[in-house]
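Hi everyone, thanks for coming. Please have a look at the sequence and the structure on the screen, and then I'll walk you through a few spots.

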Amino acid sequence: MTIGQNLAPPRSTHALTQAFGAGAAIGVLGGMIGLGGAEFRLPLLISLFGFAALSAVILNKAMSLVVVLTALPARLAAVSASEPAAHWPVAVNLLAGSLLGAWGGASWAVRMRSATLYKVLAALMVLMAAALLATHSTTLGTLDLPLWAQVPLGVVAGFGIGVVAAIMGVAGGELLIPTIVLLFGQDIKTAGSLSLLVSLPTMLVAFARYSRDGSFAVLGANRRFALVMVAGSIAGATLGGLLLGVFPDQVLIPALAVILLISAVKLARHD
């Protein structure tokens with residue numbers, strides 16, 4: 001992939017205002033469904049702000065990391081730390097795969113041709129839409145597997161989630177939460193806390209891998225832009241949390257899934 005491609009599209013004060021507004025809108029959407037909203041941020045970075053695919057992924061990863069670091073203390077304040085701590089083997093099981101997946105996914109992303117990466121991102125957007133519908137629009141059961149099957153499946157699932165999270169620059173909660181519920185039989189609340197504990201080290205590994213590539217310079221070239229968008233995301237997520245339950249899931253979730261599918265089509269057509 002060409003290093004330096006669209007590292008720093010021209011930024012005006014108006015563009016920074018747009019960045020804050022877009023970040024806030026994404027934060028509200030994510031807050032209303034209990035997620036960070038990074039899957040909605042990625043297509044905006046490409047289509048609205050003109051970043052090339054890899055640059056957008058790296059920026060998205062950096063912003064997702066900040067949002068997760070901000071959300072973690074608030075989550076632990078709302079949920080007793082002893083609750084996720086009691087289920088630490090689940091986090092370790094998933095991390096055994098997700099850390100390797102994150103390194104591998106980031107390595108693949110930096111080696112892909114731009115045109116290929118756009119198509120891969122489009123396919124992953126469709127996956128995220130399906131996961132969103134499955135998690136929020138249906139009642140998730142459990143597979144009730146024996147430990148000898150549960151552990152290797154946890155490693156494999158973690159690896160896949162790590163790959164997806166690294167390539168898209170997201171935290172991966174959209175995939176982690178249903179995996180923890182289905183595979184390990186945890187309730188949604190506990191799964192949400194455990195997903196953050198898995199997401200953070202997984203994101204750090206992908207971030208470390210991206211830092212070895214020349215395209216990582218996009219962060220230095222767009223530091224102000226990224227900070228403004230993160231500030232908008234955090235403000236929006238706070239508002240979105242307050243609006244939780246205002247819009248019925250029967251309306252909100254399909255609408256968000258449609259947004260992801262439209263974004264997927266646009267990315268697939270991107271040159």
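Let's start with N60: is this residue buried or exposed? In this predicted model, N60 has a relative accessibility of 0%, so it counts as buried, given that the cut-off for buried is under 20%. You'll find N60 in helix α3, which covers residues 53–78.

Now, what does the side chain of N60 make a polar contact with? The partner is the side chain of R41, at 2.7 Å. There's also the backbone oxygen of M168, which sits 3.1 Å from a polar atom of the N60 side chain. If we leave aside neighbours within four places in sequence, N60 is in contact with A38, R41, L42, L45, M168, G169 and V170.

Some of those names come up again in helix α2, residues 38–47, so let me turn there. This helix is mostly covered, with eight of its 10 residues buried. Among the buried ones are A38, R41, L42 and L45, and those four are also on the contact list of N60. The other buried residues of α2 are E39, F40, P43 and I46.

Last stop: the empty spaces. How many cavities of 30 Å³ or more does the structure hold? There are two. The second largest has about 30 Å³ of space, and its lining is made by L35, L132, T135, H136, G173, E174 and I177. Helices α6 (114–137) and α8 (173–184) are the elements that each give two or more residues to that lining. Sorted by class, the lining has three nonpolar residues, three polar and one charged.

Thanks for listening!

Technical notes. Residues numbered from 1 in each chain as written. Predicted model: local features only at pLDDT ≥ 70, side-chain atom pairs only at ≥ 80, totals over all residues. Heavy atoms only, no water. Buried < 20%, exposed > 50% of the residue type's maximum accessible area, 1.4 Å probe, protein only. Helix = DSSP H or I, 4+ residues; strand = E, 2+ residues; numbered from the N terminus. 1 Å grid on protein atoms, 1.4 Å probe; cavity = no way out; pocket = protein on both sides within 12 Å on 5 of 7 lines; lining within 4 Å. Points joined across faces, edges and corners; volume = space filled by probe spheres on them. Nonpolar A, V, L, I, M, F, W, Y, C, P; charged D, E, K, R; others polar. Polar contact = N/O pair within 3.5 Å; in protein donor to acceptor, adjacent residues only side chain to side chain. Contact = heavy atoms within 4.5 Å.
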